[in-house]
Amino acid sequence: MLYDVIIIGAGPGGIFSAYELTKKAPDLKVAVFECGNALHKRRCPIDGKKIKSCINCPSCSIMSGFGGAGAFSDGKYNITNDFGGTLYEYIGKEEAMNLMHYVDAINMEFGGEGTKLYSTAGTKLKKRCMQNDLHLLEASVRHLGTDKNYIVLEHIYDYLKDKVDFFFNKQVDTITVADDGYCAVCGAERYVGKKCIVSVGRSGSKWMERICKELAIPTKSNRVDLGVRVELPAEIFSELTDELYESKIVYRTPKYGDMVRTFCMNPKGAVVSENTNGIITVNGHSYEDPARQTGNTNFALLVSKHFSEPFKDSNGYGESIAKLSNMLGGGVLVQRFGDLIRGQRSTPKRMEESFTVPTLSASPGDLSLVLPKRILDGIIEMIYALDKVAPGTANDDTLLYGVEVKFYNMEVAVDII
Ligand SMILES: Cc1cc2nc3c(=O)[nH]c(=O)nc-3n(C[C@H](O)[C@H](O)[C@H](O)COP(=O)(O)OP(=O)(O)OC[C@H]3O[C@@H](n4cnc5c(N)ncnc54)[C@H](O)[C@@H]3O)c2cc1C
């Protein structure tokens with residue numbers, strides 16, 4: 001079948017590409033290929049009762065399907081150039097901000113109206129962070145919430161479904177160069193597009209590595225972010241989260257000079273597990289509807305590891321560490337901060353005695369057997385630093401889930417603009 005544009009991946013990248021094409025070039029014939037399910041068929045079987053941990057579904061509903069990894073995400077849209085991407089390196093900071101506001105306007109049009117836009121502008125918390133050697137990054141944050149985010153996606157799908165051909169449960173095995181463009185090979189089927197947009201996200205990062213090699217597209221990648229997800233009573237972080245919702249705080253550890261940062265803060269949220277190519281890691285989200293919120297706040301503490309020559313496989317490094325936690329815990333591990341500091345594993349009994357009740361059923365264990373010392377030391381130092389701006393962060397019953405890994409797709413060389 002011949003298309004003007006074929007898009008691989010129906011995450012936010014693929015969806016917004018399709019949306020733009022329908023607006024700017026409505027006559028083009030566009031197809032989207034997605035290896036996961038349509039939105040209404042996406043359901044993670046973990047219910048905390050019958051199924052407590054990841055059962056390795058053929059397609060992880062948290063990571064794949066219409067909406068991509070974003071479908072059950074917290075729907076936090078950070079409007080900033082200070083973190084979260086490097087688009088500004090290609091198009092300049094002003095244009096990048098304009099585009100973020102443009103996306104925000106689309107989300108509002110498709111059901112997000114009435115949600116709150118938080119901002120760090122003028123906050124006194126910045127000074128308090130600085131006084132404690134912590135650095136609060138500037139941002140505005142739109143919080144749609146997992147529930148509203150889903151509604152926005154439903155509406156965008158309703159808008160797109162008659163304008164674009166969607167192929168769900170359609171894994172693209174490979175891309176080949178065709179006479180008149182590119183060919184998406186899906187088993188015995190072939191779909192040709194004059195142009196091809198690849199937007200396969202984190203779950204497609206290994207696939208993308210292979211495709212770039214096959215098509216001789218130059219890439220570079222040597223970064224992985226590793227750490228834990230912290231969960232504590234919402235009251236402890238409420239001063240920060242009530243005003244800012246999400247605070248991106250960076251800390252340089254005195255011991256190694258490594259940068260540790262907070263990431264993806266979910267006030268009154270839930271911790272979830274996610275499956276990337278068979279490896280189970282943690283993440284978090286929260287609802288906008290107060291009836292669905294929990295009593296806990298969660299956020300990640302991540303250390304960025306950049307490797308230098310000759311080592312090239314940063315994602316492989318992150319994977320090996322995640323595999324270790326899966327080996328010891330059968331999935332995600334959880335440990336009380338007090339146990340970690342005392343050098344003892346958390347046991348089911350110690351977890352039962354914990355005043356902080358976990359929102360994810362994970363195996364009590366010992367993160368010091370999983371995370372490299374340098375990374376763990378950085379996380380512990382950051383927890384003590386955060387304790388000065390949010391007293392109680394370093395309490396015994398603060399829960400640490402491991403591991404959280406952010407795999408980065410390698411950067412693809414571009415010849416724009
Ligand atoms: C629980 C959770 C909470 C999150 N919370 C937030 C948040 O609040 N704010 C935020 O900014 N980000 C959040 N994120 C991250 C955010 O979801 C991602 O940054 C975003 O989804 C990336 O968009 P993408 O389109 O690049 O890739 P993805 O969303 O990963 O989409 C890629 C799609 O491509 C498909 N695919 C991959 N390979 C193939 C193939 N070979 N053939 C066909 N299809 C393929 C995948 O199935 C997937 O659906 C969260 C993620 C998770 C898991």
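1. Which helix and strands each supply at least two residues of the shell around the ligand? In this predicted model, they are α1 (12-24), together with the strands β15 (270-276) and β16 (279-285). A good place to begin looking is α1, since its three residues make up the largest share of that shell.

2. Staying with the ligand, you will find 36 residues around it, and those that come nearest are G9, G11, G68, G201 and G204. Sorted by class, the shell has 18 polar residues, 13 nonpolar ones and five charged ones.

3. Now step back to the whole chain. The protein has 21 strands and 11 helices. Its radius of gyration is 21 Å, close to the 22 Å that the globule rule gives for 417 residues, so the chain is as compact as a globular protein of that length. Along the principal axes, the C-alpha atoms fill a box of roughly 65 × 45 × 45 Å.

4. How much of the chain counts as buried? The share is 43% of the 417 residues. As for contacts with a separation of 6 or more, 77% of them are between residues 24 or more positions apart.

5. Next, the inside of the protein. In soluble globular proteins, nonpolar side chains tend to be buried together. Here the largest nonpolar core has 100 residues, and I6, A31, I379 and Y401 touch the most other members. Helix α11 (residues 373-389) gives the most to this core, contributing nine residues.

6. Finally, have a look at Y401. Leaving aside residues up to four places away in sequence, Y401 touches V228, R229, E231, V271, V282, V332, V334, L360 and A362.

Note on methods. Residues numbered from 1 in each chain as written. Predicted model: local features only at pLDDT ≥ 70, side-chain atom pairs only at ≥ 80, totals over all residues. Helix = DSSP H or I, 4+ residues; strand = E, 2+ residues; numbered from the N terminus. Rg over C-alpha atoms; globule rule 2.2 N^0.38 Å. Buried ≥ 20, exposed ≤ 12 C-beta atoms within 10 Å, placed from the backbone. Contact = placed C-beta atoms within 7 Å. Near = placed C-beta within 6 Å. Nonpolar A, V, L, I, M, F, W, Y, C, P; charged D, E, K, R; others polar. Core = buried A, V, L, I, M, F, W, Y, C linked by C-beta atoms within 7 Å.
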